[in-house]
Amino acid sequence: VPGHRKDKGECDLEDEQIIELFFARNQQAITELAAKYGSVCYKLSYQILNNQLDAEECVNDAYLGTWNAIPPARPNPLRAFLCKIVRNLSIKRYHANTAIKRNSIYGVALREFGQEVTGPDTVEGEVEAKALARLIEAFLDSLTVENRVIFMRRYWFSDSYEEIARRVGITEKNVSVRLTRLRKQLKEHLQKEGVLS
Amino acid sequence: MSAELFSLAMGEISDRYIEEALTYQAPVKKHRAKSFLRVTLAACLAIIMALGTAMAVSAEFREAVFGWFKEQYQSFIHYEYRGAEEDHESDTEIADIFIPHVLTEVPPGFVIRDSTCDEDVGHQHTIYWNEEKGQQCIVVAIAGHESTGNLFVEEEGYTIHPVEVAGVIGDLYIPDDPTNDGVIIWMKDHMLFYIAAHFTPEELVYYAERLQPAPVQEEEAAHYQLGFVPEGYTFLTENRSPHDHTILYSNEAGRTLSFLYIWDPDGGEAFIKSGDTQVTTTIHGAKADLMLSSDLSKEGGSIVWTEDEILFSISACLTEDELIALAESVKEVPVSEMEGET
């Protein structure tokens, strides 16, 4: 798939226009999708996989998945839909490839979460991912916008502290402190909801 | 619960959090002198009292007009709703007048601390927003009714300016002491609104313009799901719009299985590849169209049928029998089960 590393902004089409290209089965749709969102997709995948080739393949697979999904799907927002596919495919590959597990930001974020929030001795009973997602959403709703973005950038996009600090306009140290507090708050929230003991 | 399960759950959260994190722009930091006194004064500034008898108004005048009126009362500005005699006493009428409002844009960093809806004296909704540094923003909506329509605002220490907000002329209270909060008050459609916060006058007007009637919650359409997922396929993602719901699965080979249903014929449409062969069959007793490719391993097929005015479609690299079995397995997920799951 050509052009998926192009920077955002090289595509002038609105999401609806790109979706119309998909519906018309016009392969220009993928070029436009790549031009508009390729950069964010590649970065997201790379943060998880820490491997350029794997990330490029995952992003290309995501484009193919989008091509197969639209039509009939007409996702809105398109970017979040595409990012979800990229993240899911990248995490699948992350778990399939043991060699990359130690060095990616996703791996680090997963470990810091595992050490402080979860663990074998805290199991209260398995909860389904969807049910847990709703609990996490309730937790996110209780946060300030800034803290919510910090949490999402770390645990959804697997951003580094430095990237989060730059995006939010605070220091790396502050990001670290806030994430520690947020993990503690989430743990308390999950305990209150009976998911953790 | 494992960290992997947490990661999996993160993949299931709503698109709005993803979009918010993608589009977030760090606000320009404002340096304001933090004052405990200011916060205290803000809380005390607007005093709402159900004092229908606080001011003497002639019966003739009451009968002649109704609406919000503003008068000086000692050191307060008194906003009072005066209704015609036949225009009150019924809770139903108050409910008709009261329209819940929400801020369509929340001031950066603010979260709801508390919310009260006083239904004893009528509909009067107050939302308290707080941000990390202790700043407070109070948003109040009061139904115009004689049992509720009284608001007293301390005038001393403020300069009142007329200001256009939401298409009407409201009052902007600018504090003489800049460490105190400003207030904006306006009346529209028999309701009175006010916002008190340590915002600039421009910000007060900006957020006042963004206090809009809350969208009416429509009854959510039913959810459907596949009775089983073909071997090798796992959930990939889903997209639910006000018109349709698409659920995608994928397998190791990168093949996608899509399950779509559209309940709003005006808002959704499905384009299905016609395939090389078209067969008619039945699903749950309803006529269904099967469109099959000559090379099922590469192109796949689709099955489409309509049931209870809902259009269903399944597309995947599956055989005719597998597609039919999958379509037959589609079932409605009861709302109670959805709530239990979430």
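**Figure 1. A polar contact between the side chains of A:Glu20 and A:Arg74.** In this predicted model, the side chains of A:Glu20 and A:Arg74 meet in a polar contact at 2.9 Å. Start with A:Glu20, which belongs to helix α1 (residues 15-23) of chain A. With a relative accessibility of 42%, A:Glu20 counts as partly exposed. Look also for A:Ile70: 50 residues separate A:Glu20 and A:Ile70 along the chain, yet their C-alpha atoms are 9.2 Å apart. A:Arg74 has another partner to find here, since A:Arg74 also lies over the face of A:Phe23, at 4.1 Å from the ring centre.

**Figure 2. Where chain A meets chain B.** Here 66 residues of chain A and 46 residues of chain B take part in the contact. Together the two chains bury about 5,300 Å², and 62% of that area is on carbon and sulfur atoms. Five salt bridges are counted between chain A and chain B. One of them joins B:Glu238 to A:Lys130, with 3.7 Å between the closest N and O atoms. There are also 17 residue pairs in polar contact between chain A and chain B, with both residues at pLDDT 80 or more. On the side of chain A that touches chain B, the elements giving two or more residues include α3 (52-69), α4 (78-96), α6 (129-141) and α9 (172-192) of chain A. Which element gives the largest share of that side? The answer is α4(A), with twelve residues.

**Figure 3. Helix α6 of chain B and its neighbours.** For orientation, chain B has eight helices and 22 strands. Of its 342 residues, 46% count as buried. Among contacts in chain B between residues at least 6 apart in sequence, 48% join residues at least 24 apart. This view picks out helix α6 (residues 201-209) of chain B, where B:Glu203, B:Leu204, B:Val205, B:Tyr207 and B:Ala208 are buried. What do the buried residues of α6(B) pack against? Their neighbours in chain B include the strands β9 (158-165), β10 (168-175), β11 (182-188) and β12 (191-197). In the same helix range you can find B:Tyr206, whose ring has the charged end of B:Arg210 over it, 3.6 Å from the ring centre.

**Figure 4. An edge-to-face pair of rings in chain B.** Over all chains, the structure holds 21 aromatic pairs. In the pair shown, the ring centres of B:Phe235 and B:Tyr249 are 6.2 Å apart and the planes stand at 80°, so the pair is edge-to-face; the cut-off for that label is over 60 degrees. B:Phe235 sits in strand β15 (residues 234-240) of chain B and B:Tyr249 in strand β16 (residues 244-250) of chain B, so the pair ties together parts 14 residues apart in sequence. Are the two residues buried or exposed? B:Phe235 is partly exposed, at a relative accessible area of 26%, while B:Tyr249 counts as buried at 10% relative accessibility.

**Figure 5. A tilted pair within an aromatic cluster of chain B.** B:Phe259 and B:Tyr261 form a tilted aromatic pair, with 5.6 Å from centre to centre and 45° between the planes. Both B:Phe259 and B:Tyr261 are buried. To see the wider group, find B:Tyr224, B:Trp263, B:Trp305 and B:Phe312, which form one aromatic cluster with B:Phe259 and B:Tyr261.

Methods
Residues numbered from 1 in each chain as written. Chains lettered and ligands numbered in written order. Predicted model: local features only at pLDDT ≥ 70, side-chain atom pairs only at ≥ 80, totals over all residues. Heavy atoms only, no water. Phe/Tyr/Trp six-rings, centres within 6.5 Å; stacked < 30°, edge-to-face > 60°. Helix = DSSP H or I, 4+ residues; strand = E, 2+ residues; numbered from the N terminus. Buried < 20%, exposed > 50% of the residue type's maximum accessible area, 1.4 Å probe, protein only. Lys NZ or Arg CZ within 6 Å of the ring centre and 35° of its normal. Contact = heavy atoms within 4.5 Å. Buried area = accessible area lost by both parts, 1.4 Å probe. Salt bridge = Lys/Arg side-chain N within 4 Å of Asp/Glu carboxyl O. Polar contact = N/O pair within 3.5 Å; in protein donor to acceptor, adjacent residues only side chain to side chain.
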